[in-house]
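Thanks for coming, everyone. I'll take the interfaces and then a few sheets. Let's put the structure up.

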Amino acid sequence: MTSRRLGIDRSPGYGVDRDAEHSFTLDGEAHTGLSGDTVASAMVAAGELPCGPSLYLGRARGIMGAGVEEPNALLHVEPRSPGHAAESMLPATTVELVDGLRASWLQGLGRLDETPDGALYDHTRVHTDVLVVGAGPAGIAAASQAAASGARTMLLDEQPAPGGSLLSSRGERIESTDAVAWARRTVDDARTAAEFTYLPRTTAVGSYDANYVVAVENRTDHLPASERPGVSRQRVWHIRAAEVILAAGAHERPLMFADDDRPGIMLAEAVRTYLNRYAALAGEQIVVATTNDSVYSLLEDLAEAGAPPVAVVDSRPEATPRAAAVLEATGVRGIFDAVVTGSDGDGDAGRLTAVTVHRLDRDDVPVGSVETLSADLLAVSGGHSPVVHLHSQRQGGIAWDDVLAAFVPSAPVARQQTVGAMAGTWSLSRALRTGAEAGRRAAEACGFRAEGADSPSDSPQTRDPLADGPRADLDYGPVRALWLIGAPDAQDPAEWSTHFVDMQRDQTVADALRAVGAGMRSVEHVKRYTSISTANDQGRTSAVNTVGLLATVLGAGHPGQVGTTTYRAPYTPVPFAALAGRRRGELFEPARITNIHSWHADHGAVFEDVGQWKRPRYYPRTGEDMETAVLRECAAARGSVGFQDVSTLGKIEIRGTDTGRLLDRIYTGVFSKLRVGRGRYGLMCTPDGMIFDDGVTLRIADDRYLMTTTTGGAATVLDWLEEWHQTEWPELDVAFTSVTEQWSTVAVVGPKSREVISRIAPELDVSNEAFGFMAFRETTLRNGVPARICRVSFSGELAFEVNVANFCGLATWELIAEAGAPFDITPYGTEAMHVLRAEKGLIIVGQDTDGTVTPQDAGMGWAVSTTEDFIGRRSHSRPDTARQDRKHLVGVLPADGRTLLPEGAQLVGAQTPITPEEGPVPMLGHVTSSYRSAALGRPFGLAMVWDGRNRIGEVVRSPVDGRLVDVELTSPVHFDPEGTRRDG
Amino acid sequence: MTADQTTADQASAPPADLRRSPAAHLTEQMRAGDVDGPRGVRLREIPFAVQLGIRAEPGAPSGRAAAEAWGVGLPAGPRAGETVTGDPEGRHVIWISPDEFLAVEPSGLAGLIDVRGIEGALDGMPGQIVDLSGNRTILELTGPSARSVLEKGCHVDLHPRAFPAGAAASTLLGPVQAIVHRTREDVFRILPRASFADYTVRWLLDGMAEFAGEELIR
Amino acid sequence: MAEMLPPHPDFLWRNPEPKSSYDVVIVGGGGHGLATAYYLASRYGITDVAVLEKGWLAGGNMARNTAIIRSNYLWDESAAIYEKSLKLWEELPAELDYDFLFSQRGVLNLAHTLQDVRDSRRRVGANHLNGVDAEFLEPLQVREICPIISIDDMIRYPVMGATYQPRAGIAKHDHVAWALARRCDEMGVDIIQNCEVTGFDKDGDRVVGVETARGRISTETVGLAVAGRSSQAAALAGVRLPIQSHPLQALVSELFEPVHPTVVMSNHVHVYVSQAHKGELVMGAGVDSYNGFGQRGGFHVIEDQMAAAVELFPIFARAHLIRTWGGIVDTTPDASPIISPTEVDGLYVNCGWGTGGFKGTPASGLTFAHTIATGAPHPLNAPFVLERFETGHLIDEHGAAAVAH
Amino acid sequence: MLLITCPHCGPRDEVEFHYGGQAHVAYPEDPQALDDAAWAHFLFYRDNPAGAFAERWQHSAGCRKWFDVVRDTVTYEFLTPEGGSR
């Protein structure tokens, strides 16, 4: 195909570097383009408009737009740098050409690459005084004013260079210079201001409460492939702006007529963009069809490029002054009161060869004889739709402006302004003026005064377009919108099955009418019935056209009475990976580690996630599986001595004269009477009466307690204390400080633990008489480290907890390991800890309880005060909660002495037939904890069972791996029920 | 002897060679991640700073007593434009809430500070002074690109107009709660809790990596 | 070439003017309101029914959900009603003669921690005994069902297993509503859109009529099924409900060739995802924290679930988010619905389905219709009446660590 | 991402806060004196207006203080942006 690339004499080619050629392949065929091209513009320049066929109907389609509005030309793009994944689906009009690019056309369905995406993505969070979205003339004028005032100003634009619509123009002049040069210069000047940031290739995709705007910047895809360590490919900007100015422009609407989807039918503004920005002539025999004056600039440009159109088909009854002047100057034939009603094409690609033209009667019905015009390109303009997305996402009002034939912003968003084409201002001079005013106003609102702005700007916000007097400044002239263009051979729009409304979804006027015929009146229903406007082009070319045709069909006065569907973020598609940002792999979420972590890792620990913490689960020796390792660890703790890193337990220091009183309300038990120097176990309930945390609290001094919480509950409990204190009982003298991480804590457990402690704490009298159960002591360890040692036990064994300053944790652990070596001291993990406590019938909150368990249910009525009004107490006397036959914590023993019941296994009565196919099988409860026990020599468990305490001794059954296992219900305390081991 | 009387020496210094700071295992990576030059940024840990948590209201006797014991007044708070008092290289106090402060001495002179004595300053008064020297560590991010690195996840506005040298805030850095303290124009201290230090260092190093290469021209 | 979805019927419903009185007025033209009217007409022979919708039919949560259907709930009461719902789903396409793309492609609920595994096994065991199909899968089995899921041990929260309900799946939500509406319309039910209820007329403790934007309608029986407006609508009758309304967001990608054969939900990392019939990935996460009626939430919630999605499904890295939206979910203290008589005679409420209302649509409609027709709850919704909040007999689905949605 | 003005720290992003639901719901003076219905109403029944709503937030990642605001639950606009400290 011959090149349609024009020389400098015929096109300014603002966006391309004619001296820098890139090679690329499309569907395996080699092509070339210029630096600055998109894949689409390179193909237009190559004279090849067809792209992949349509999604469902397989119709030939071509490039129709020049930007994010493109519905047809969708690409799969191979990785642009090593280690990247392929692009699933991108509009060819947005893919910047780089040398060596490989791409293929898609048929509406994307293709996900299984290769892991090694590209980097990141996020940034910034604050600004003024944010301007869109670097077209209005946006540049606004940003330049704001930046000059000293206000922190950001200017975002999706294109590689500033200028917006100016990049598509030709011969436009601003301040006596070429408009594109003006745009560059103005932005460059602003960039000399310290507080100005211009972000090209950055699309504002979402606008949220309090001027929080999310934008996506493409950082490297336009660069040659290269290793760029640490450099993100795309960056998501989170911008909090005091003032926002939206200058997002407008999109052109196509016309809907029979066979309106052929390759060669293109938006007029796109034709102009390819011509002036990319120096690419999209066709040679060009017909222009319009409802407004915007196309007359294209006519001029085409004429100047030496390619004047064959004709312009204009729906309006007669030439406007602008149209008349251009037609006269260019000699192009104008056909007024007329419309393109159909198209012809040929070849496999179906490229346009001709269009048919009819006159219109007063009711927009095509009449009279047909005229056929040969054409390889039809440039269409059905009007313009302001890009109101970001405004609308903030619930900013929009209204139909019948003069502009467009939905425009009608009600402002607080601290936001809309300017330029987005506000329905087609006129360049007015866009520049209103843009500059908006910039000044925004800066002033932030306390900055622009130089040369002698008086504060007046503060008109978004104007009411319907109340806006004479519209002499409208560059696009009057519009004769056409929503239903008759087909030559079918009177009934319900049969117009080649009038495509949504190209990407292959939906036509006939489809939309079918929805109406089915009873649908709401545009939301029609959208859902047809799927119009739901594709990745977000209905940019179809949404308003659908509203227009519905308004016509339903006899609504104008499209505003039908209304639009809701505009939803994102404005343009955003890759999942960009939104994930750096939250992948080890940065996905913090892994909290203790001071002793490295020792655990070095000693082969297998870790368990507990909340965000990494806790050793067990320490397998060579050849050991988990079961063997855990049995060994448990045996060590019961037979000699074991030690565990329990630094993750939550710890809260509480001080104040009312601490006891507060704790009496927070815990179900009484803590105000706890002796100084002692600790006590406590349960916390929600107001609903259910257990939500537990732990031992020490009384360090009269007015000072140290509370411990579960590992997962630490933050919640601190918040809980603060909430009750701050919001309910501020009169209490208490203060809380989290000291979870101030301390490293090591549990030393087992009959030999006293000897180990005596070796590491030589100054301490560790005898049972001097240092009883639930007591604690301050001392200095043998290595000089100060420590607090407590006698608490979560295993029934003689046990100590050694607390030292966090950063001495590892040294202390190693000291204990050394001191315990003669006793073969054994590190153990959470799994062994769980076994040891379960043997003693001690619960793990969150495992044996599930938010529906009261202290009484758990058999812990002993921990519940009968006098204090603790939180949750009232709930315990509700009818259902007070029942005596609720689920109770019991022990379970598989009768065969061998079967390990799965945790979570259900229990049913011994006589209950297991016939779920005949209806629900009544369940008695479930196994909450289950382990093999070295001490018991058999598997055992804990369970929550209806009326369990009154069933002890009963044998029930549990379905395990397809068979039924007899299970004896027992006391939850399986081991040493007399508590003989606690004191060694 | 009651526990009250034995309330510990735990805050006095343990033997130095037995201490291991929360980010010590990443020292090499931090060194390797340093970037010099006009886009430079460096990360190091300031280990073992003395840190005391103070719960007291500045205007109340307990607040005055705490300030006197520490030797630095309590900051009045963000509303008054004062979030740090004292010398960031010596004793200073960071505002956390109207009745919560973090007293810091970064030089690691733990042995020279009578932590126990300071803790006792509130005897007979409400409030709380707690040794928190192990609770958080201090990471110091320095250089012209330090702010950009932090902006990859910090929720407060780090522009000098909003957050000048001498300002501090409790906030989120990525998913991590941390105190951010700007001691000089391009020096930020980040105080995550000890267990988050490993993640925070990795997060910062990852954010610093791009500055070692050439700047992307926009 | 992609295959188009089956075409819709040529005719769906009339757009009648409201009559001056009806035997039963259902307030709310969403899925639950339509299902209630459908079962009132088809099972209880009550056809003099108006369904009043303040906006467009099925335009609330019915238009905004991720269309997941499953019944693998923990508690007996929940399993019973949701399993009934699933059985009704299995009948409805034929019964309604409308292919609303009910696809029993299975649902995986992932376990990422040991406690997740315990909870999963507990739920599977209970499901078996309750006659609900369910199994626990080890990670390798998870990957057999869904090959694109990462079971890499090195990710932050590796997949430790999953529950799998093969009969679970998805349906096309809008089409379900239209299928119900068409049948309702055929049976004589008046579906009246753009008809907001502005008040209730009471005679003592009895309801005798509703005031609407299109005039007063006499009726002695009113069923409220207005998710997202439950508190406000009930308040018009002087009834206070234990409901808090939150934004819930969802999103879709562009269309892709099929890659994801089932539905995957992960409560731990907060994401759930399926690939709908046309080819788009449909995803959701948890609710926004605050009370909100704005049908929108915070973008950080979307970003969080994107991070989770890419971690679990590396292949999604270069999928694109193309549309996000929000609904309003009415949550209850125990994360279970309320289908109940109220203190006002003749006024019934159906609300509080939280994030899980879509799957409950048929059983909700059936039991609510029963309650309205007979004045007393159906055995399936008897546990779900308002009294439970006084007795303490909650059906605490979050306490049970069951999976939301 | 709401922008919430902490009365102590100033405006901060929503993710730094923890939501606390309806404000001004006092814990009953004497819970034991309430009947089951009254207790149930304290436990489970809260206002849920579409519009102005007095609610609680805690600046959990900052000063950890609870405070009350009035926010419009439809527009999400804070009607008492300065908040009232408790």
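Start with chains A and C. Here 101 residues of chain A are in contact with 76 residues of chain C. Keep in mind that this is a predicted model. Five pairs of chains are in contact, and of those five, chains A and C share the most contacts.

How much area is buried between chain A and chain C? About 7,700 Å². Carbon and sulfur atoms give 57% of that area. Three residues deserve a look: Tyr56(A), Leu112(A) and Phe576(A). Together they supply 12% of the area that chain A buries against chain C. No other three residues supply more.

Now the charges. The interface of chain A and chain C has eight salt bridges. One of them joins Glu903(A) to Arg118(C), with N to O at 2.6 Å. Polar contacts come next. There are 43 residue pairs in polar contact across this interface, counting pairs where both residues have pLDDT 80 or more. On the side of chain A that touches chain C, the residues divide into 38 nonpolar, 34 polar and 29 charged.

There is strand pairing between these two chains as well. Strand β29 of chain A, residues 574-575, pairs with strand β17 of chain C, residues 320-331. The pairing is antiparallel, over two bridges. Which residue of β17(C) is the bridge partner of Val574(A)? Leu321(C).

Next, chains A and B. This time 68 residues of chain A are in contact with 55 residues of chain B. The two chains bury about 5,300 Å² between them. Of that, 52% is on carbon and sulfur atoms. Again, three residues of chain A stand out: Arg582(A), Arg655(A) and Phe807(A). They supply 15% of the area that chain A buries against chain B, more than any other three residues.

How many salt bridges lie between chain A and chain B? Ten. Among them is the pair Asp122(A) and Lys152(B), whose closest N and O atoms are 3.5 Å apart. Polar contacts between chain A and chain B number 30 residue pairs, both residues at pLDDT 80 or more.

Which element of chain A gives the largest share of the side that touches chain B? Strand β6 of chain A, residues 121-133. Seven residues come from β6(A). By type, the chain A side of this interface holds 30 nonpolar, 16 polar and 22 charged residues.

And chains B and C? No contact joins them. Their closest C-alpha atoms lie 11 Å apart.

Let's leave the interfaces and go inside chain A. Find the open sheet of three strands, in the order β19-β20-β21. The pairing is antiparallel. At the edges are β19(A), 338-346, and β21(A), 366-374. Each edge strand pairs on one side only. Neighbouring strands in this sheet are turned by 25° against each other on average, direction ignored.

Zoom in on β19(A). Eight bridges join β19(A) to strand β20(A), residues 351-360. One bridge to pick out is Asp346(A), whose partner in β20(A) is Arg351(A).

Further along chain A is a hairpin. Its strands are β30(A) and β31(A), with two residues between them. Strand β30(A) covers residues 606-610, and strand β31(A) covers 613-618. They run antiparallel, joined by five bridges. Asp609(A) stands opposite Lys614(A) in β31(A). In this hairpin, look for Gly611(A), which takes a positive phi near 60°.

Last stop, chain C. Here is another open sheet of three strands, ordered β9-β10-β11, with antiparallel pairing. Why do β9(C) and β11(C) each have one side without a neighbour in the sheet? These strands, 197-203 and 215-218, stand at the edges, each with a single partner strand, so one side of each is left without a neighbour there. The twist averages 25° from one strand to the next.

Within this sheet, β9(C) pairs with strand β10(C), residues 206-212, over six bridges. That pairing is antiparallel. Gly199(C) has Glu211(C) as its bridge partner in β10(C).

That's the tour. Over to you.

Technical notes. Residues are numbered from 1 along each chain as its sequence is written. Chains are lettered from A and ligands numbered from 1 in the order in which they are written. This is a predicted model: local features need pLDDT of at least 70, side-chain atom pairs count only at pLDDT 80 or more; totals for chains, interfaces and linings use all residues. Side-chain values use heavy atoms; hydrogens and water are left out. Contact means heavy atoms within 4.5 Å. Buried area is the accessible area (1.4 Å probe) that two parts lose on being put together, summed over both. A salt bridge is a side-chain nitrogen of Lys or Arg within 4 Å of a carboxyl oxygen of Asp or Glu. A polar contact is a pair of N or O atoms within 3.5 Å; within protein, one must be able to donate a hydrogen and the other to accept it, and residues adjacent in sequence count only if both atoms are side-chain atoms. Helices (H or I, at least four residues) and strands (E, at least two) are DSSP runs, numbered from the N terminus. Ala, Val, Leu, Ile, Met, Phe, Trp, Tyr, Cys and Pro count as nonpolar, Asp, Glu, Lys and Arg as charged, and the others, Gly among them, as polar. Two strands pair if DSSP finds at least two bridges between them. Axes are lines fitted to C-alpha atoms, for helices over the stretch in contact, and angles run from 0 to 180 degrees between N-to-C directions.
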